[in-house]
Amino acid sequence: MIKSITINYYLAKEFFKIVLNFSAVFFCLGLIINLFEEINFFKDYEVGIYLPIILSFFYVPSLFYNMFPFIILLAGIWFFLNIKRTDEITALKLSGLSNFSIIIVPSFVVMFLGIFFITAINPVTSVLVQKYEKTKGNFEKDQDYLAAITVNGIWIKEKNNIIRAAKLNKNNFINVSIYEFNNENNFVRRLEAKSANINLKNWVLNEVKVIDNNGKVLEENLTNITYKSMYDIDQIKSLYSNLDTVSFWKIKNEIKLLEDRGYSTSEMRSKLHQSIAYPFFLLSMIFLSGVISLGFYLKDSNWNYIFISIISSVLIFYFNRFSAALGKTDKLPIEVSVWMPIVIIFIISSVGLIHANQK
């Protein structure tokens with residue numbers, strides 16, 4: 001790091017101001033875009049403008065959290081271009097500093113921001129996304145169909161039935177209870193089964209016991225009983241499709257819960273490693289921005305740097321998605337799929353920084 005405390009403070013302050021400005025712009029942009037989507041969703045409901053605005057404020061912080069690495073990339077490029085255009089970088093170099101030394105100060109800032117976002121911001125955004133989904137779910141057309149995994153088992157609510165299973169074993173629910181209700185929501189009977197094959201939406205129940213609403217056993221030891229459900233095995237396994245609802249502090253508990261219920265934990269473990277890697281992802285973005293800004297001279301044209309920033313962001317985004325998909329499908333270990341893109345960016349940035357440091 002630069003030895004002068006005054007210079008350190010000045011560079012950190014200027015970089016942080018640029019990050020705040022970019023964050024405000026992208027947050028407002030995300031808010032406006034999402035607001036139009038919410039208004040379009042509620043066009044057939046008489047809810048006014050208040051609810052779409054509230055839902056946008058619930059959802060956009062999570063969106064902002066996910067795109068913050070790319071905000072850091074753009075803010076870093078802007079910061080380094082600013083000190084280059086104002087010849088501040090020349091003055092810093094004349095005092096014996098290198099390009100690498102100048103990058104170190106923003107690096108400490110983004111590492112702090114990364115840790116802060118993971119430990120403090122992420123728990124807030126996860127709660128807001130939960131509120132968003134719960135509120136908006138009340139207006140979904142298929143709101144009569146819900147599913148959840150809890151410490152008491154796997155619970156599924158269909159239009160007239162409530163289903164509970166102790167755990168999932170491959171394509172089978174184990175120890176299944178099906179509570180049937182009529183159209184007036186009056187309890188009719190209960191089916192108890194040792195197992196249920198849920199490979200298709202027509203579940204096949206085995207060792208079934210039929211119990212009426214008074215607790216009397218009507219039939220028992222029935223086999224190959226068919227139950228028509230709204231869910232099959234693929235839909236059941238996608239209960240945690242929106243991982244943004246899970247806080248960093250709760251990921252390990254959720255992994256244990258999924259393991260106890262027989263679910264695959266690959267996506268949740270990927271989420272855990274992505275959270276741990278988040279500060280380092282931000283750090284790789286600031287290194288890359290330094291390479292782009294200080295390692296290349298593009299005739300001081302903003303449009304050239306903007307073009308490179310956009311292309312870099314798109315490539316990194318899809319590379320991350322592709323690598324994550326390989327991990328979730330067990331083509332790569334979870335740890336490798338999460339950390340590989342970051343390591344590659346660091347390697348590319350290191351080579352670029354060595355080149356830039358010689359200038």
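This is a chat between a student and a tutor about side-chain packing and pairing in a predicted model.

Student: Let's start inside: which residues of the largest nonpolar core touch the most other members?

Tutor: That core has 80 residues, and the ones that touch the most other members are Phe68, Ile72, Phe173, Trp203 and Leu205. Apart from it there is another core, made of six residues, including Phe42, Leu51, Leu55 and Phe58.

Student: What is Phe173 in contact with, leaving aside its neighbours within four places in sequence?

Tutor: With those neighbours left aside, the contacts of Phe173 include Ile154, Ile156, Ala165 and Leu168, and also Trp203, Ile236 and Tyr263. Lys167, Lys194 and Ser195 are among its contacts as well.

Student: Switching to charges, how many salt bridges are there in the whole structure?

Tutor: A search of the whole structure gives four. One of them joins Lys136 to Glu38, with the closest N and O atoms 3.3 Å apart. Lys136 belongs to helix α4 (residues 99–137) and Glu38 to helix α1 (residues 5–41), so this pair ties together parts that are 98 residues apart in sequence.

Student: Are Lys136 and Glu38 buried or exposed?

Tutor: Both Lys136 and Glu38 are buried. In addition, the charged end of Lys136 sits over the ring of Phe41, 4.4 Å from the centre of that ring.

Student: And which side chain does Arg189 meet in a salt bridge?

Tutor: Arg189 meets Glu180, at 2.7 Å from N to O. Arg189 has a relative accessible area of 30%, so it is partly exposed, whereas Glu180, at 15%, counts as buried because the cut-off for buried is under 20%.

Student: What about Arg190, what does its side chain meet?

Tutor: The side chain of Arg190 forms a salt bridge with that of Glu192, at 2.5 Å from N to O. Arg190 counts as partly exposed at 21% relative accessibility, and Glu192 is partly exposed too, with a relative accessible area of 23%.

Student: New topic: which residues in helix α6 are buried?

Tutor: In α6, which covers residues 251–260, the buried residues are Ile251, Glu254, Ile255, Leu257 and Leu258. Seen down the helix axis, the buried residues of α6 fall within an arc of 165 degrees, so they line one face of the helix.

Student: Then what is exposed on the other side of α6?

Tutor: On that other side Lys252, Asn253 and Lys256 are exposed. Just after α6 comes Gly262, which takes a positive phi of about 85 degrees.

Student: Last thing, rings: how many aromatic pairs does the count come to?

Tutor: The count comes to 26 aromatic pairs. Phe15 and Phe79 form one that is edge-to-face, with 5.5 Å from centre to centre and 75 degrees between the planes. This pair links distant parts of the chain, since Phe15 is in helix α1 and Phe79 in helix α2 (residues 50–85), 64 residues apart. Both Phe15 and Phe79 are buried.

Student: How are the rings of Phe280 and Trp339 placed?

Tutor: Their centres lie 5.7 Å apart and their planes are at 55 degrees, so the pair is tilted. Phe280 is in helix α7 (residues 266–295) and Trp339 in helix α9 (residues 334–357), and the pair links parts of the chain 59 residues apart. Phe280 is partly exposed, with a relative accessible area of 35%, and Trp339 counts as partly exposed at 25%.

Student: Which residues form one aromatic cluster?

Tutor: Phe27, Phe64, Tyr65, Phe68, Phe112, Phe116, Phe117 and Tyr278 do. Phe68 also appeared earlier, among the residues that touch the most other members of the largest nonpolar core.

Key: Residues are numbered from 1 along each chain as its sequence is written. This is a predicted model: local features need pLDDT of at least 70, side-chain atom pairs count only at pLDDT 80 or more; totals for chains, interfaces and linings use all residues. Side-chain values use heavy atoms; hydrogens and water are left out. A nonpolar core is a set of buried Ala, Val, Leu, Ile, Met, Phe, Trp, Tyr and Cys residues joined through side-chain atoms within 4.5 Å. Buried means under 20% relative accessible area, exposed over 50%, partly exposed in between (1.4 Å probe, protein chains only). Contact means heavy atoms within 4.5 Å. Helices (H or I, at least four residues) and strands (E, at least two) are DSSP runs, numbered from the N terminus. The arc is that of the directions from the helix axis to the C-beta atoms. Rings of Phe, Tyr and Trp (its six-membered ring) pair if their centres lie within 6.5 Å; planes under 30 degrees apart count as stacked, over 60 as edge-to-face and the rest as tilted. A charge sits over a ring if NZ of Lys or CZ of Arg is within 6 Å of the ring centre and within 35 degrees of the ring normal.
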